[in-house]
Amino acid sequence: MRLNEAAAELGTQIVRFGRLITTWRRSAKTDGGAADRVLLAKLVNHGDRRATDLAADAFLDLSTVSRQVRSLVDRGLVERYPDPEDRRGTLLRATDAGHAAFEVYRGQRDSKLAALLERWPEEDREHLVRLLGRLNDDLEEARHARLPHPPPESRDTAVKQKDTPA
């Protein structure tokens, strides 16, 4: 397949995949939504963060993050505490309940994906994981190349969707 044909077909499949994932996430039975799970995953897997850094890490708008964090705090999954390096700032951390909720979300996601991949040969599963990881790495690299001044933390902390329950 030539490059332009591959790009066109990949574009079609990415759009289709995005729609299917959106539908799948909407059907997930959780108190929050996809943004909840993304933010919780970032805090569980990468440690405490300011809301601004969390927004950059998760590729979400700060207003969305603020709204979702408020919900996570209200539900006892995340807590705020003063930044020890700058007492004017606030850091966010996943609580024990947040860690437990994350594990439940990840377990649900992994079970659904295992059921989907059960009939695939092991070699195909390995190729899918490798190639999707490569595509995600390239997409993230391209995104950072377009930013005027990408934050160092965002460059160092690659978004790995395997860490984010769907």
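User: Where do I start with burial, and what share of the 166 residues of the protein chain counts as buried?

Analyst: Start with the relative accessible area: buried means under 20%. In this predicted model, 28% of the 166 residues in the protein chain fall in that class.

User: Okay, and what elements is the chain built from?

Analyst: Count them up and you get 7 helices and 2 strands. Then read the order from the N terminus: α-α-α-α-β-β-α-α-α. So much for the parts list; contacts tell you how the parts meet. Take the contacts between residues at least 6 apart in sequence: 57% of them join residues at least 24 apart.

User: How many residues does the largest nonpolar core have, and which have the most contacts inside it?

Analyst: A core is read as a set of buried nonpolar residues linked through their side chains. The largest one here has 19 residues, and L39, L40 and L54 have the most contacts inside it. At least two core residues come from each of α2 (34-46), α3 (51-58), α4 (62-74), β2 (86-94) and α5 (96-117). The top contributor is α2, with 6 residues.

User: Can we zoom in on one of those? Which residues does L39 touch, away from its sequence neighbours?

Analyst: Skip anything up to four places away in sequence, and L39 touches L54, A58, L60, V65, Q68, V69 and L72. Notice that L54, another residue with many contacts in the core, is on that list.

User: Now helix packing. At what angle do α2 and α5 pack, and how far apart are their axes?

Analyst: For a helix pair, look at the angle, the distance and the handedness. Here α2 and α5 pack at about 115°, with axes 10 Å apart, and their crossing is left-handed. On the α2 side you'll find R37, L40, A41, V44 and N45, which meet G98, H99, A101, F102 and Y105 of α5. Sorted by class, this contact has 6 nonpolar, 3 polar and 1 charged residues.

User: And the strands? Which way do β1 and β2 run, and how many bridges join them?

Analyst: With strands, check direction, then who sits across from whom. Strand β1 (residues 78-83) runs antiparallel to β2, and 6 bridges join the two. The link from β1 to β2 is a hairpin of 2 residues. For the partners, R80 stands opposite L92, while Y81 is bridged to L91.

User: D83 has a charged side chain. Is D83 buried or exposed?

Analyst: Compare its accessibility with the cut-off of 20%. D83 counts as buried because its relative accessibility is 9%. This residue is in β1, and beyond its neighbours within four places in sequence it contacts R50, G89, T90 and L91.

User: What about A94, which residues is it in contact with?

Analyst: A94 belongs to β2 and is buried, with a relative accessible area of 9%. Leaving out neighbours within four places, A94 contacts L40, L43, V44, L77, V78 and H99. L40 and V44 are also among the α2 residues that meet α5, and H99 is on the α5 side of that contact. For a long step along the chain, try A94 and D48: they are 46 residues apart, yet their C-alpha atoms are separated by 7.6 Å.

User: Last one: what is the phi of F59?

Analyst: Look at the sign of the backbone angle and at the residue type. F59 has a positive phi of about 60°, although it is not a glycine. You'll find F59 in the loop between α3 and α4, and its 32% relative accessibility makes it partly exposed.

Technical notes
Residues numbered from 1 in each chain as written. Predicted model: local features only at pLDDT ≥ 70, side-chain atom pairs only at ≥ 80, totals over all residues. Heavy atoms only, no water. Core = buried A, V, L, I, M, F, W, Y, C linked by side-chain atoms within 4.5 Å. Buried < 20%, exposed > 50% of the residue type's maximum accessible area, 1.4 Å probe, protein only. Helix = DSSP H or I, 4+ residues; strand = E, 2+ residues; numbered from the N terminus. Contact = heavy atoms within 4.5 Å. Axes fitted to C-alpha atoms, helices over the stretch in contact; angles between N-to-C directions. Left-handed = near helix turned anticlockwise from the far one by under 90°. Nonpolar A, V, L, I, M, F, W, Y, C, P; charged D, E, K, R; others polar. Pairing = 2+ DSSP bridges.
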